[in-house]
Amino acid sequence: MWGIELQRHGEVSLARQLYQVLCNQMTAGQLKPGDVLPSTRELAKQLAVSRNTTCEAYEMLSAEGYILSRQGAQTRVAAGLGLEKTVPVLEECPQPVLPELLADFQTGRPDLRQFPMHLWLQLLRKATDELPPELWGYTGPEGMPALRREIAAWLYRSRGLAALPQDIFITAGATQALNLLAELLAGEGREILIEDPCHSGMVQVLQGRGFQIHPVPVDRQGLQTKYLGKKGACAAYVTPSHQFPLGGILPASRRTELIRFARENDLYLLEDDYDSEFRYNGPPVAPLHAMDPDRVIYIGTFSKILFPALRIGYVILPRRLHTRWRHLRTYADVQNPPFEQAALAEYLRTRKLDRHIQKMRKLYGYRRKILLQELTVIFGNTWSAWGDTAGLHLAVEFPGMSFDDAFARHCKDHGLRIAPVETHSIRKGFHVEKLLLGYGHLEPDEITKGLMLLHNIFTHL
């Protein structure tokens, strides 16, 4: 009947198949308004299916208004179902064929080979098994109390930062934190001061939220506070403990001037502390937040310490922003999953995170040393390093050279992934001589191979 063909052994039930066929025929005009449909008993006989199948199909059609059916009357097709047939526009989206990467200096990548995955899975299973039933429901936008307490304790012992657990709010990473903060601060104004150069992804987040970006130049010591002349901004985004991408540490005098500027102009400082755990000459730098907790919003993440797929970060918020934050997070995604939060709380409580950071700090420090040695061996004295001895990447200046997006594409065509600082510059032309070399995820032989490939590209420019 009407060209109905049912797949007897398919995964979709016969009733669902019949419903879909009849729907299509009604919207295509093959079955017109007012047409009489056979009884469920008759249709079942014609299709050689059980009457239960046709009854179920008719019930679905009736519930959605495709058919009109009442006791003692024939079943008819409802009015207003016709749709003109459209031809879908198929746009070809060929995937570019990229050469295989021979070397990769991507920034911000921890060495996942060194992460104790088996231990983490044990903690995750233990946390899941022991999680109280009430924590399987909605637990609120603040985050699990146990994790907030452990983060506060860890910040105090690792950085000397005294933060109260009730001021710490868990996020799905630093990017979500910045998105929420951008929406939270939108009511304060639509202009924001930002370091230049700065992580291009963060700039895009803020621009996407409608903020006007006002760049403030950076030198070897970080943000140049003497250029903070712009009035009317609602916030300034800074990375004082290890400036991205140039690596400088903001000195005390500039920190004081920055705090003073924020107070005088009634703006917030968004402090992104993205990888200061990995400092190789001394302990981590004290956060700017310690100087003025009411003016500085501290943003932290565990993606660089543990693994990027762990979407857990946090912010430390001034009290007057708590209510608005709760509202925004509730209507964004409510909360982080509780299982990873519980596992991370246990990882912190048992000091296993502290030991993992200590181990990785030694490893990354050694790899940085190898990178500097190999740069000298391969490039001689034609380069200079920028920034503090910290982090997972190195900014390197090659005087007389010029690196831009076209250079990065040229390198990728030859199997090398590398980023010019210019990629992260808001105002172009001030850092064209600098490249970024991510090394945290590379073994010594991979570092050497990558630098040799870079040198070979240099010689053929």
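In the predicted model, helix 12 provides the largest share of the lining of the largest pocket, namely 4 residues. The space within this pocket amounts to about 740 Å³, and among the 33 residues that line it, those closest to its centre are Gln106, Thr107, Gly108, His199 and Phe244. Besides helix 12 (405-413), the elements that each contribute at least two residues to the lining are helix 6, helix 7 (200-208) and strand 15 (416-417).

An enclosed space was also sought, and the search of the whole structure returned 1 cavity of 30 Å³ or more. The space in the largest cavity is about 30 Å³, and its lining is formed by His242, Leu246, Gly247, Arg368, Trp386, Gly387, Asp388, Ala390, His393, Leu394 and Ala395. Strand 14, which spans residues 393-397, gives the most to this lining, with 3 residues.

Two of the residues that line the cavity, His393 and Ala395, are also touched by Pro245, whose further contacts, residues up to four places away in sequence being left out, are with Pro197, Cys198, Val421, His424 and Leu436. Pro245 is placed in the loop that runs between strand 9 (235-238) and helix 8 (252-264), and with a relative accessibility of 0% it counts as buried. Between the C-alpha atoms of Pro245 and Thr448, which stand 203 residues apart along the chain, the separation is 22 Å.

Cys198, one of the residues in contact with Pro245, is itself buried, its relative accessible area being 1%. Cys234 likewise counts as buried, at 3% relative accessibility. A search of the whole structure finds 0 disulfides; Cys198 takes part in none, and the cysteine sulfur nearest to its own, that of Cys234, is 15 Å away. For Cys234, too, the closest cysteine sulfur is that of Cys198, and because the distance of 15 Å is too far for a bond, no disulfide joins the two.

Helix 6, one of the elements that supply the pocket lining, comprises residues 174-185 and includes Gln176. Gln176 counts as buried, with a relative accessibility of 15%, and its side chain makes a polar contact of 3.0 Å with the side chain of Asp333. When residues up to four places away in sequence are not counted, Gln176 touches Thr171, Arg329 and Asp333.

In helix 2, which covers residues 40-47, the buried residues are Thr40, Leu43, Ala44 and Leu47. These residues lie on the same side of the helix, because the arc that they cover around its axis is only 105 degrees. Exposed residues, Arg41 and Lys45, are carried by the face of helix 2 that is turned away from this buried side. The elements that cover the buried residues of helix 2 include helix 1 (14-28) and helix 3 (51-63). Just after helix 2, the backbone at Ala48 adopts a positive phi of about 60 degrees.

Terms used. Residues numbered from 1 in each chain as written. Predicted model: local features only at pLDDT ≥ 70, side-chain atom pairs only at ≥ 80, totals over all residues. Heavy atoms only, no water. Disulfide = S-S within 2.5 Å. Buried < 20%, exposed > 50% of the residue type's maximum accessible area, 1.4 Å probe, protein only. Arc of directions from axis to C-beta. Contact = heavy atoms within 4.5 Å. Polar contact = N/O pair within 3.5 Å; in protein donor to acceptor, adjacent residues only side chain to side chain. 1 Å grid on protein atoms, 1.4 Å probe; cavity = no way out; pocket = protein on both sides within 12 Å on 5 of 7 lines; lining within 4 Å. Points joined across faces, edges and corners; volume = space filled by probe spheres on them.
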